[in-house]
Amino acid sequence: MENDVNASLLQIQELSNKALKRSEFAKKYGALIVFAILIIFNLIVTPGFVDSSTVWNLIIHTTTTLVVAMGMTFVIATAGIDISVGSTMALTAVVTATLLPMLGMAVSIMIGLALGAGIGLLIGTLTVKFKIQPMVLTLALMIALRSIARMVSNAKTVNIADEGFIGLSVNYIGGTVPVQLIYVVVIAIVFYIIATRTVFGKSVEAIGNNPSAARLSGIKADKNTIMVYVLLGILSALAGCLAIARTMNCNPSSVGSGMEMDAIAAVVIGGTSMMGGKPRILGTVIGCFIITLITTTVNMNGIPSEWSMVFKAAIIILAVYIQSEKKIKVRQSKIKPIASKEV
Amino acid sequence: MDRSISAKHVITQNATLVAAVAIIIAAGIAFDNFFTVVNLSNIFRQASMIGIMAIGSSFVILTGGIDLSAGSLFGFAAVMCGIVDAFCPNPFVMGLIAILTCAGFGALNGFCVTKLRIPPFIVTLAMMSGVQGLGLIITEGGNTLPITAEGFTNIATGTIGSVINDKGLEVGVVPVPAIIMIVGFVIAVIVSKYTTFGRNCYAVGGNEDAAIMKGISVNRTKFLAYLMSGICCGIAGIIVAARTRGGQITVGDGYEMDVIASVVLGGTLLSGGQGKVLNSMWGALIITMIGNIINLNSDVISYLWEGTITGILLLVILVAQSKMQSNKLGAR
């Protein structure tokens, strides 16, 4: 009798283990599968896709999203969210661009990064100390910071003439390889190591999984949560610099607009759960490339660019659906009913 | 003592209404061009669109979800009015088709959230971009579709009752969109308080597991909430189409944030399960009034301040809310 019960319990356990493995597999490789499908599709359909310039363009257009999405991965892994990143980019960028002629490149970039860190510190502190939901908090900041950014330059576009600063984004190594390639590789490796090999990365995962358990096991949850937002603030400021260096001017109304949506979509496509948990850096990297690749595909095939918005929507839904938690299907026929025997 | 407690209770329960009244009084004293019949009726006319969308969003947020697609659906409804106008210039048909289209998108949101189990933030984010893309494709890059149907503009510009102003001209008092909004809120309050669906929304948002155990159909409740949000966006879209006499998709850019901000100003928690639908209307009025006051006094305050003031006001209210919450918990 007892053996029977145990046997069925084991069977259930085995099935749920399988389901867990399946969902882990989908989380780990879901983004990669979607990316592979997109690449194969492009190889067959898109004329002139097999060209080194396609790859370089893809990397150039992905860099700013990638920088923001790295920080966003950690924020989402702690079950938080930040929709003010686009406005943070605009404010730090316009401040950097305004100071550039007066203070020189290094100092003005440092001030921009410090400002970004300050905004992150504000968000983190208000979330932790006042228990305000990050979604509404950053909504308020998204509105306020964008408006402050426009006040800084009186809603005018600031032109950038500093050669060194522009070189941040428009330099080519050996004449062909864009400097962004280095950024993408270095940033991806650094944050992969932070996420998987450091105490900070593990703490973030623990906080996302269960904040009270993390606190009880001696992790400084408050400090780490604030750190996560500070990190995102700094990265947003960096992305702002890279973005305006590429366009060679800074329009506070358009810098970083829609960035929050792209970054969050990339993180979620990459398999990081919005309920918190493991920060999946490599997934996010692929997620960023998927988003850029959709636009590239549409442009290279001569389809009106509005279609890329529709495709983006469909692919985001598809990618997240592949990874969503499916109900464990336990087939009745496989397991003998336990309930009747327990009595 | 008893009375002081109840007075305090009334104020904390209706903090948004108190704030709205305070802003009206302060603005009325500070700016003499604020407290006129024309201006007040204009504020209501403007607030009605955000307010109507906030009704649907309130229910979605009560269930613990969020609707980021409101702005796009709003614009798309206006575009649908323009499309139907081209071959059937009948206000009733135009409105009906616009509402049905938005209801369809709302249902699609609900389907993805409930059946495909994708987080609402992602579903509605994708819908926001998808619907806007569709609208841009239909209007060939964001052109305005003209609307010529007779009587259609009355939906937005019509008024009930009139007074003679100081220049001897007759001006309307109560704009039709405001009536639509108020009727909408009355229905919404009744639905949220006295119907199974309304109560289920609170239960699902408060504790989903408990709601399942109580036998509430969580999926059905969530689906209906998103459907309702779609319908509300449709109605608001008709008003903007009538107001601008044209269907343009970009008219709704950024509106989703205004809508969410009004619901949040109304004290509804984004974690779901707590809040009053009616307070969203005061939230919508506050947001509209800030813009209105700045517009009226553009020689004193630069229009650039609008976002800063709205954002900082939101922040202050959020901090105050969290203080009140922690006081309540401390008292227990």
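A helix here is a DSSP run of H or I covering at least four residues, numbered from the N terminus. With that in hand, let's work through some exercises on this predicted model.

**Exercise 1. In which helix does A:G287 lie, and is A:G287 buried or exposed?**

Step 1: find the element. A:G287 sits in helix α12 of chain A, which runs over residues 281-300.

Step 2: count neighbours. A residue needs 20 or more other C-beta atoms within 10 Å to be buried. A:G287 has 31 C-beta neighbours inside 10 Å, so A:G287 counts as buried.

Step 3: see who the neighbours are. Leaving out residues up to four places away in sequence, A:G287 touches A:A31, A:A69, A:A266, A:V267, A:I269 and A:G270.

Step 4: check a long-range pair. A:G287 and A:G30 are 257 residues apart along the chain, yet their C-alpha atoms are separated by 10.0 Å.

**Exercise 2. Set A:P47 against that: where is A:P47, and how is its exposure classed?**

Step 1: A:P47 belongs to the loop between α1 (2-45) and α2 (52-77) of chain A.

Step 2: the cut-off for exposed is 12 or fewer neighbours. A:P47 has 9 C-beta neighbours inside 10 Å, and therefore counts as exposed.

Step 3: try a distant partner in sequence. A:P47 and A:G258 are 211 residues apart in sequence, and 29 Å lie between their C-alpha atoms.

**Exercise 3. Does the length of α4(A) agree or disagree with its residue count, and what covers its buried residues?**

Step 1: do the helix arithmetic. α4(A) has 26 residues, which at 1.5 Å a residue should span 38 Å; the end C-alpha atoms are 37 Å apart, so the two agree.

Step 2: pick out the buried positions. Among them are A:S108, A:I109, A:G112, A:L113, A:G116 and A:A117, and further along A:G120, A:I123, A:G124 and A:T127.

Step 3: look for the cover. It includes α3 (85-103), α5 (134-152) and α10 of chain A.

Step 4: look just past the end. There A:K131 takes a positive phi of about 55°.

**Exercise 4. How is A:L121 classed, and which residues does A:L121 touch?**

Step 1: place the residue. A:L121 is part of helix α4 of chain A, residues 105-130.

Step 2: count again. Because A:L121 has 15 C-beta neighbours inside 10 Å, this leucine counts as partly exposed.

Step 3: list contacts. Not counting residues up to four places away in sequence, A:L121 touches A:I226 and A:V230.

Step 4: compare along the chain. A:I109 is 12 residues from A:L121, and their C-alpha atoms are separated by 18 Å.

**Exercise 5. Which residues touch the most other members of the largest nonpolar core?**

Step 1: the core has 197 residues, and B:M53 and B:A77 touch the most other members. Helix α10 (residues 221-247) of chain A gives the largest share, 17 residues.

Step 2: zoom in on B:M53. Beyond its neighbours within four places in sequence, B:M53 is in contact with B:A70, B:F74, B:C232, B:C233, B:A236 and B:V259.

**Exercise 6. How many residues of chain B are in contact with chain A, and which helix supplies the largest share?**

Step 1: 38 residues of chain B are in contact with 36 residues of chain A.

Step 2: on the chain B side, α6 (120-138), α12 (255-265) and α14 (305-331) each supply at least two residues. The largest share, 13 residues, is from α6(B).

Step 3: sort that side by class. You get 25 nonpolar, 11 polar and 2 charged residues.

**Exercise 7. What is the helix content of the spans that UniProt lists as "transmembrane region"?**

Step 1: take two spans from chain A. The unreviewed UniProt entry lists 56-81 and 170-195 among its regions there. Residues 56-81 are 85% helix and 0% strand, with end C-alpha atoms 31 Å apart. Residues 170-195 are 65% helix and 15% strand, with ends 30 Å apart.

Step 2: take two from chain B, where the unreviewed entry's regions include 277-294 and 300-320. Residues 277-294 are 89% helix and 0% strand, and the end C-alpha atoms lie 27 Å apart. For residues 300-320 the values are 76% helix, 0% strand and 29 Å.

**Exercise 8. How many helices and strands does chain A have, and what share of its residues is buried?**

Step 1: chain A comes to 14 helices and 4 strands.

Step 2: of its 343 residues, 47% are buried.

Note on methods:
Residues numbered from 1 in each chain as written. Chains lettered and ligands numbered in written order. Predicted model: local features only at pLDDT ≥ 70, side-chain atom pairs only at ≥ 80, totals over all residues. UniProt positions renumbered as here; feature names shortened; annotations may be inferred. Core = buried A, V, L, I, M, F, W, Y, C linked by C-beta atoms within 7 Å. Contact = placed C-beta atoms within 7 Å. Expected span 1.5 Å × (residues − 1). Nonpolar A, V, L, I, M, F, W, Y, C, P; charged D, E, K, R; others polar.
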